[in-house]
Amino acid sequence: MGSQLESSWMSRLGDEFAQPYMQALCEFLQAEEDHGKRIFPPRENFFRAFTHTPLPAVKVVILGQDPYHGENQAHGLSFSVPPGVKVPPSLRNIYKELNTELGLPVPAHGYLSAWAEQGVLLLNSVLSVECGQAASHRGKGWETFTDRVIEVINRDREGVVFMLWGGYAQSKGAKIDTSRHCVLQAPHPSPLSAHRGFFGCGHFAAANDYLQSRGDKAVDWSLPPVA
């Protein structure tokens with residue numbers, strides 16, 4: 001799988017693909033496919049977030065948990081869905097917060113690649129899932145790999161904004177050096193929890209304020225239409 005990883009990430013993470021946990025993960029995924037199980041996103045999109053956002057470009061990390069497990073939803077970017085797919089509930093709530101904070105119109109689509117191209121790493125903790133089976137690939141090794149991703153950003157970059165929504169993301173980001181990076185925490189944007197403090201969190205404006213205070217370019221959180 002490592003051959004799919006963008007070069008700036010591969011130079012930091014290439015050794016992970018020789019580790020026992022990664023070998024076990026590859027064997028698990030192959031066995032699932034051999035048993036006829038459908039895995040999302042397609043294998044060629046497991047590392048798509050890294051392709052869109054090379055390590056030197058990372059300005060913001062939005063940490064999700066698992067890929068969407070519905071038909072045609074997952075494509076390798078956390079919270080995002082391909083053009084033409086209905087906007088999922090958590091993303092609808094993200095759009096509501098953006099509208100409240102920054103006055104941005106609510107997009108008609110859920111395709112977030114325009115954020116990724118600006119340096120927003122849309123990283124899930126687990127990078128695959130079985131069709132229709134939420135959280136089915138948790139505990140199989142992906143978490144170890146994405147912990148290493150966070151360690152690399154924490155160590156090799158400076159001035160990155162981490163948006164940690166919900167207890168899971170917050171525990172995963174617990175070791176981030178807050179003297180060198182900006183860590184923003186809020187409840188998850190899921191309909192089950194958004195009203196507990198995600199709405200009104202101010203994270204998107206706060207991220208841009210922080211970036212600009214360091215002389216970095218703000219993120220344009222508006223999304224262009226898609227064909």
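This is a quick look at the salt bridges in a predicted model.

## The overall tally

Side chains of opposite charge can pair when their charged atoms come close. In this model, the count comes to 11 salt bridges. Three of the pairs and one network are described here.

## K37 and E32

K37 and E32 pair up through their side chains, with 3.5 Å from N to O. What about exposure? K37 is partly exposed, at 34% relative accessible area. E32 has a relative accessibility of 11%, so it falls under the 20% cut-off and counts as buried.

## R38 and E71

Next door in the sequence numbering is R38, whose side chain meets that of E71 in a salt bridge at 2.4 Å, N to O. R38 sits in the loop between α2 (20–34) and β1 (39–40), while E71 is in the loop between β2 (60–64) and α4 (89–102), so this pair ties together parts 33 residues apart in sequence.

Both ends get the label partly exposed: R38 has 41% relative accessibility, and E71 has 44%.

## D147 and K172

Here the bridge runs from helix to helix. The closest N and O atoms of D147 and K172 are 2.6 Å apart. D147 belongs to helix α6 (residues 142–156) and K172 to helix α7 (residues 167–172), so the pair links parts that are 25 residues apart in sequence.

As for accessibility, D147 is partly exposed at 32%, whereas K172 is buried at 12%.

## A shared network

Some bridges have partners in common: R12, R155 and D156 are joined into one network this way.

Definitions and conventions
Residues numbered from 1 in each chain as written. Predicted model: local features only at pLDDT ≥ 70, side-chain atom pairs only at ≥ 80, totals over all residues. Heavy atoms only, no water. Salt bridge = Lys/Arg side-chain N within 4 Å of Asp/Glu carboxyl O. Buried < 20%, exposed > 50% of the residue type's maximum accessible area, 1.4 Å probe, protein only. Helix = DSSP H or I, 4+ residues; strand = E, 2+ residues; numbered from the N terminus.
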